[in-house]
Each structure stands twice: as C-alpha cells, then as structure tokens.
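Please open the model in your viewer and keep the sequence panel beside it, since this tour moves from one selection to the next. At each stop, select the residues named and then read what is there.

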Amino acid sequence: MLAAARLFVSVLFIAVPALSPLMAEVVRLKAAPSPADNPLKGLVPYSDYTEENRAYFPHSLEFDYLSLAELMRGPSSFDWQPMEALLDKIAARGNQTVFRLWIEYPGKPSGLPEYLQEQGVKITSWKNADEKTTCHTPDYNDERLVAALESFITALGKRYDGDARIGFITAGLLGSWGEWHTYPREDLLASPKTQRRVLEAYEKAFNKSPILLRYPVGKDDDHWAANAHYHMGFHDDSFAWGTLDRGKKDDWFYIPLLKKAGDEALNKWRSQPIGGEVRPELWGQIFDAKPAHPQAQDFAECVRQTHVTWLMESGLFKEKAKPDRDAAAVNHVRHMGYDFHVSTADIQRQDSKLHVHLTVLNQGVAPFYQDWRLELAALDADGKVTHRWPVDWKLTGLLPGDAARDWKATLPLREASVTGLNLALRVIHPLANGKPLCFANAEQDRHAPGWLSLGVLP
C-alpha cells in the first residue's frame, strides 16, 4: 500500500507541467509637467468668447449662465433647447460645461418665468449703488415660486444628471447672479426655509453631476440654511481677494466661513469639488510675481488652502498674456485640482497571461471626482492599438499626500503575439472628442496621443 501511494505521488508530480519563468520589465517612469487643459480642472472662459479669445489660454471647461425664464414655461412645462444649444456648442470643442441658473441678474430684465409673473409673484425692483444697476428680486418665499423651483430642479436632474457634456453645476437660482445673496438688500434674500427646500431638491435630483454652493454654512446661522452636510461642493467667487483668513473682521471670506461651518465643511474637498472665480479686479495680474492690486492674496496659498479644482478667470482670455504671466498661470493651473503621476510600471509575462503592476500618485491639491474608466492597450510602432484590455482601476478617492496607489491587473494573451509592442494606459473621456486626461509623465503621448506609454511588452 505504501509503495502504491509513492508511485501515485510520483505520477502526479510528473503529470503537472512546469510553468515558464516570469518574463519581466520593471520601468521607472519619468516625471514631467501635465497640460494646463487637462479635463475637469483649470481656468474657465465664458462660452461666448471668440475662437481667438479661447485660444489665448488652454482650457477644458467653459462657463455660461441661463435664466430660469428661458427654460421653464409652466409648473411642469420646460423648454430645454437653450440648454441643449449651450451644451452642444461647448462639447463640439471637446470641452465640458459649467453653468449657473439665475432669476435675478443685476442690469438685466427679470428671469422669473412669465407664468409666475402672470400669477402675481411679487418682484421688487431696486437700485444697486455699488453695481450702478437695477435689480429685480422676486419674492423667493412665495409658495408658487418655491414649488416651481422644486419642480424645475427635479426635471433638470432627471434629464441632465450624469450628462457627459456637463462638468460642474453651480446651484444658482437664488439671489443676485444666482449667488445666494442680495447684498446690500439682504432683507430680500430667500429665507433659510426656502433655501433648505432648494438644497433638498438638488440633493434628491443629482447623484452624478456635481452641484456647487456659493457659501459654506454650518449650523445655527440665521441668514443661510446649513449646507455642509449635503453632497455638494462650494465655489469661492471672490477668489484670491476674499479667500484667506487675515485675522480681521472679514467674516464673509471663504476660509473664515469654512472654519465657522466646521470640520464637515473644511473637509468637503475630499469628496466634493471646489470651484469659483478669480475676483474681477485681479484678472490677469493675480499670476504676476507682485500683483498690482493691494487686495490681492497669494494665489498659490489660496489654492493650497481651498483645494480648488477650477476657476473662472476672464483676464487671460481677454487678451494674450505676456510670456511671464502666461507661464506663471500655466504652472499654477498644474497645481490646481488633481495631478496624477505614474511612478513605476512592473510588466511580467507568464505563459498566456500578462501581469501589470503600476504605482500612481496624486501630486495636486484635490482628488478626481468622476469615476471615469481606464484601459490598457498594446500599441504598434505607428501608435495603432492592436489589443485592448479594460481594467477596473479607480482614479477617484486618491488624495494628495496619500501613499502611492497600487494598480494591478492580470491580462489574457489569447491572440497573436504582443511581444515587442508598447503597453500603454489611457483614461476614457465620456465625451468622444473630449480632451484627454494626461498624466504628469514624460512618457505621456510618446507613442500615441492620449496614451501613457508604460514599457515594451516581453
């Protein structure tokens, strides 16, 4: 019996085929600056700028306003054509849209839907001495208007949540320019109760497209409804002017408001994006070594403390900046939002399988907030894709300062030989013509546009 068992073991041992040794090429990839027009970050022009203006500075986002009156015809009747025209126009250029909706815009006629005006919703017209304009503020607490806002936001989310043409949505709808204030007529602002109903409507209607709010608010505020607990980001529209805490009585500045709102607001950037606009008085000059305006704050420090991802900045699109200003702006943009660098690529082959192990770092100030898919491919000498392998790797949740994230995958090699071809990685933009997400690597675009070359396949 013992002899038979030894014979059985021997036969089993002989019957198992020997695996071929691992064939490996470990590549240490080189760092290089990422482009200033990486998607979903950077500086943002208005969508109606001319082609020449838009060419003055690289970008992947464009901004514009729409009034509620343009889109809403009745309690449950909507005209989406103006929105479609805006989104299609920007997407045709390979960019994504940031938009804001308004009911009152200083210097413009009322944006209150006509049917609500006919129903008698009160509009208060008043002079804004600071802006030298006339404002038309509706009664935000009129139940007919509040119900209309809830109906509109629900319909907007149903139609556009997750639309690839949209980058970010600033909540708008309340206050001058949709900025949730009616300064200096704060008596006309929507009540906290109305604000809460608008916030709740957005929270229910949107799960994918990011919603950004003008002011961070914690509990126990008589002026604004608490909002730090919602799944929404913030936008600082006086960036680098009213951003940093100077230790004075600037309680409306962005960082002091964050601190007042508490840890939930201070940590918002970890899961929700931060955007905004460079204060108009600082356009262009904010990127100079010594900005001329005495109110200017340190731009790099504002970026570091706010973890901002995108900013409207019309100065660099009004005219072509001088070389020093342009170069400084490009450098600052690279440090906004995310900035991914793949540091190593370990490529191993074993029989009919390819084992890939990458390490990736986020060198920026914020994470990437959209769950875009990634894929690996084999590229021939002409940069043509000969094989594709989808991978389940994630860009989301990788925070600046985190240890390198390991991406591992085992790929089947069932087709013709790939030995000698270049293994490459890309992030799949949901817009077919969208500007590619590029890594901060010298090997980016080496063999094909939009692809990060990782090494030669063994």
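A nonpolar core, as the term is used here, is a set of buried Ala, Val, Leu, Ile, Met, Phe, Trp, Tyr and Cys residues joined through side-chain atoms within 4.5 Å. The model on your screen is predicted, and the largest such core in it has 129 residues, of which Leu101, Tyr202, Phe299, Leu376, Trp393, Leu425 and Leu454 have the most contacts inside the core. Helix 6 supplies the largest share of this core, with eight residues.

Before going further, colour the chain by pLDDT. The average over the protein chain is 93, and 94% of the residues score at least 70. Residues 1-23 stand apart, for their pLDDT stays under 50, and the model has 13 contacts beyond four places in sequence for them. Where pLDDT is low, the predicted coordinates should not be read in detail.

Now select Leu101 and show its surroundings. Leaving out residues up to four places away in sequence, Leu101 touches Leu66, Leu71, Met83, Phe152, Leu156, Thr170, Gly172, Leu173, Gly178 and Tyr202. Two of these partners, Phe152 and Leu156, are among the buried residues of helix 6, a list that also includes Leu145, Val146, Leu149, Ile153 and Tyr160.

Stay with helix 6 and select it from end to end. With 18 residues at 1.5 Å a residue, helix 6 should span 26 Å, and its end C-alpha atoms, which are 25 Å apart, agree with that. At the start of the helix, a side-chain oxygen of Asp142 comes to within 2.8 Å of the backbone nitrogen of Arg144, while just after the helix Gly162 takes a positive phi of about 85°.

Which residue forms a salt bridge with Glu143? Select Arg197, whose closest approach to Glu143, N to O, is 2.9 Å. Because Glu143 lies in helix 6 (residues 143-160) and Arg197 in helix 7 (residues 192-205), the pair ties together parts that are 54 residues apart in sequence. Keep Arg197 selected and add Glu150, since the side chains of these two also meet in a salt bridge, again described by an N to O distance of 2.9 Å. Here too the partners lie in helix 7 and helix 6, so this pair ties together parts that are 47 residues apart in sequence. Each of the three residues is partly exposed, with relative accessibility of 45% for Glu143, 23% for Arg197 and 26% for Glu150.

These are among the 23 salt bridges found in a search of the whole structure. For another, select Glu281 and Arg279, whose closest N and O atoms are 2.9 Å apart; Glu281 is partly exposed, at a relative accessible area of 37%. Then select Glu84, Asp88, Arg159, Asp163 and Arg165, which are joined into one network by salt bridges that share partners.

For the last stop, select His181, in the loop between strand 9 (166-170) and helix 7. Is His181 buried or exposed? At 11% relative accessibility, His181 counts as buried. Apart from neighbours within four places in sequence, the residues in contact with His181 are Leu174, Gly175, Ser176, Glu186, Leu189 and Tyr215.

Note on methods
Residues numbered from 1 in each chain as written. Predicted model: local features only at pLDDT ≥ 70, side-chain atom pairs only at ≥ 80, totals over all residues. Heavy atoms only, no water. Salt bridge = Lys/Arg side-chain N within 4 Å of Asp/Glu carboxyl O. Helix = DSSP H or I, 4+ residues; strand = E, 2+ residues; numbered from the N terminus. Buried < 20%, exposed > 50% of the residue type's maximum accessible area, 1.4 Å probe, protein only. Expected span 1.5 Å × (residues − 1). Polar contact = N/O pair within 3.5 Å; in protein donor to acceptor, adjacent residues only side chain to side chain. Contact = heavy atoms within 4.5 Å. pLDDT = per-residue confidence, 0-100.
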